[in-house]
Amino acid sequence: MSALRLLYLALAIWGAVHPMYYFLRWFGQNGFDLGGMVEAWHANAASSGLVWDLTIAAIALTVWILAEVAVRRNWTALIAIPATFCIGVSCGLPLYLFLRSAPIR
């Protein structure tokens, strides 16, 4: 495996674990309240802007993945879409780059 692929994989793991630490801390303090979490994301204009920035990035990444999968027929890369929306762009993007950079067989 190339150094670049290993870097993508490490970033995907970091992008899953590091944000999850903060989500789990929040759930520990506030209970499993998704509505409260969404409300907290929109606590001020700065955090709302960040939420929309990440939402638009996630949609753009999804469109890119679907377009490339349609051409390259790399069906495994579709795993990056639920990773993006269930974990975050910080996991989904490097995961997709890892899967996309696999050697062609």
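How many helices and strands does the protein have? I counted five helices and zero strands. Note to self before going on: this is a predicted model.

**Entry 1: overall layout**

I read the elements off from the N terminus and got α-α-α-α-α. Next I took the extents of the C-alpha trace along its principal axes, which come to about 50 × 25 × 20 Å. Then burial: of the 105 residues in the protein, 30% are buried. I also checked how far along the chain the contacts reach. Taking contacts between residues at least 6 apart in sequence, 51% join residues at least 24 apart.

**Entry 2: the largest pocket**

I went looking for open space next. The largest pocket has a volume of about 870 Å³. Its lining has 26 residues, and the closest to the pocket centre are F23, W41, L54, I87 and G88. I wanted to know where the lining comes from, so to speak, by element: α1 (3-30), α2 (34-41), α3 (45-72), α4 (80-86) and α5 (89-100) each give two or more residues to it. What about the chemistry of that lining: how many nonpolar, polar and charged residues? I get 20 nonpolar, six polar and no charged.

**Entry 3: the second largest pocket**

This one has a volume of about 170 Å³. Ten is the count to remember here, as 10 residues line the second largest pocket, with R72, N74, A102, P103 and I104 closest to its centre. I split this lining too, and it comes out as five nonpolar, one polar and four charged. For docking notes, I put the two charged counts side by side: no charged residues in the lining of the largest pocket, four in the lining of the second largest.

**Entry 4: the nonpolar core**

I pulled out the largest nonpolar core, which has 15 residues. Those with the most contacts inside this core are I65, A77, A80, L95, Y96 and L99. At least two residues of the core come from each of α1, α3, α4 and α5. Which element gives the most? That is α5, with five residues. I then picked A77 for a closer look. Leaving out residues up to four places away in sequence, A77 touches I65, V69, Y96 and L99. I65, Y96 and L99 are also on the list of core residues with the most contacts.

**Entry 5: cysteines**

I searched the whole structure for disulfides and found zero. C86 is in no disulfide, and the nearest cysteine sulfur, that of C91, is 10 Å away. Coming from the other side, C91 is in no disulfide either, with the sulfur of C86 as the nearest cysteine sulfur at 10 Å. A disulfide needs the two sulfur atoms within 2.5 Å, so this pair does not qualify. Are these cysteines buried or exposed? C86 is exposed, with a relative accessible area of 65%, whereas C91 is buried at 6%.

**Entry 6: G15**

I found G15 in helix α1. G15 counts as buried because its relative accessible area is 6%, and the cut-off for buried is under 20%. Its contacts, not counting residues up to four places away in sequence, are I87, S90 and C91. C91 is the buried cysteine from the entry above. I also checked the spacing to P94: G15 and P94 lie 79 residues apart along the chain, yet their C-alpha atoms are separated by 8.1 Å.

**Entry 7: S48 and G49**

Both sit in α3: S48 is in that helix, and so is G49. S48 has a relative accessible area of 18%, which makes it buried. Beyond residues up to four places away in sequence, S48 touches W41 and H42. W41 came up before, among the residues closest to the centre of the largest pocket. G49 is partly exposed, at 39% relative accessibility. For G49 and L34 I noted 15 residues of separation in sequence and 19 Å in space, C-alpha to C-alpha.

**Entry 8: R73**

Last stop was a backbone oddity. Most residues other than glycine have a negative phi. R73 is not a glycine, but its phi is positive, at about 60°. Where is R73? I placed R73 in the loop between α3 and α4. R73 is exposed, with a relative accessible area of 51%, and the cut-off for exposed is over 50%.

Technical notes:
Residues are numbered from 1 along each chain as its sequence is written. This is a predicted model: local features need pLDDT of at least 70, side-chain atom pairs count only at pLDDT 80 or more; totals for chains, interfaces and linings use all residues. Side-chain values use heavy atoms; hydrogens and water are left out. On a 1 Å grid over the protein atoms alone, a cavity is a set of points where a 1.4 Å probe fits but cannot get out, and a pocket is an open set with protein on both sides within 12 Å along at least five of seven lines; lining residues have an atom within 4 Å of a point. Grid points are joined across faces, edges and corners, and a volume is the space filled by probe spheres set on the points. Helices (H or I, at least four residues) and strands (E, at least two) are DSSP runs, numbered from the N terminus. Ala, Val, Leu, Ile, Met, Phe, Trp, Tyr, Cys and Pro count as nonpolar, Asp, Glu, Lys and Arg as charged, and the others, Gly among them, as polar. Buried means under 20% relative accessible area, exposed over 50%, partly exposed in between (1.4 Å probe, protein chains only). A nonpolar core is a set of buried Ala, Val, Leu, Ile, Met, Phe, Trp, Tyr and Cys residues joined through side-chain atoms within 4.5 Å. Contact means heavy atoms within 4.5 Å.
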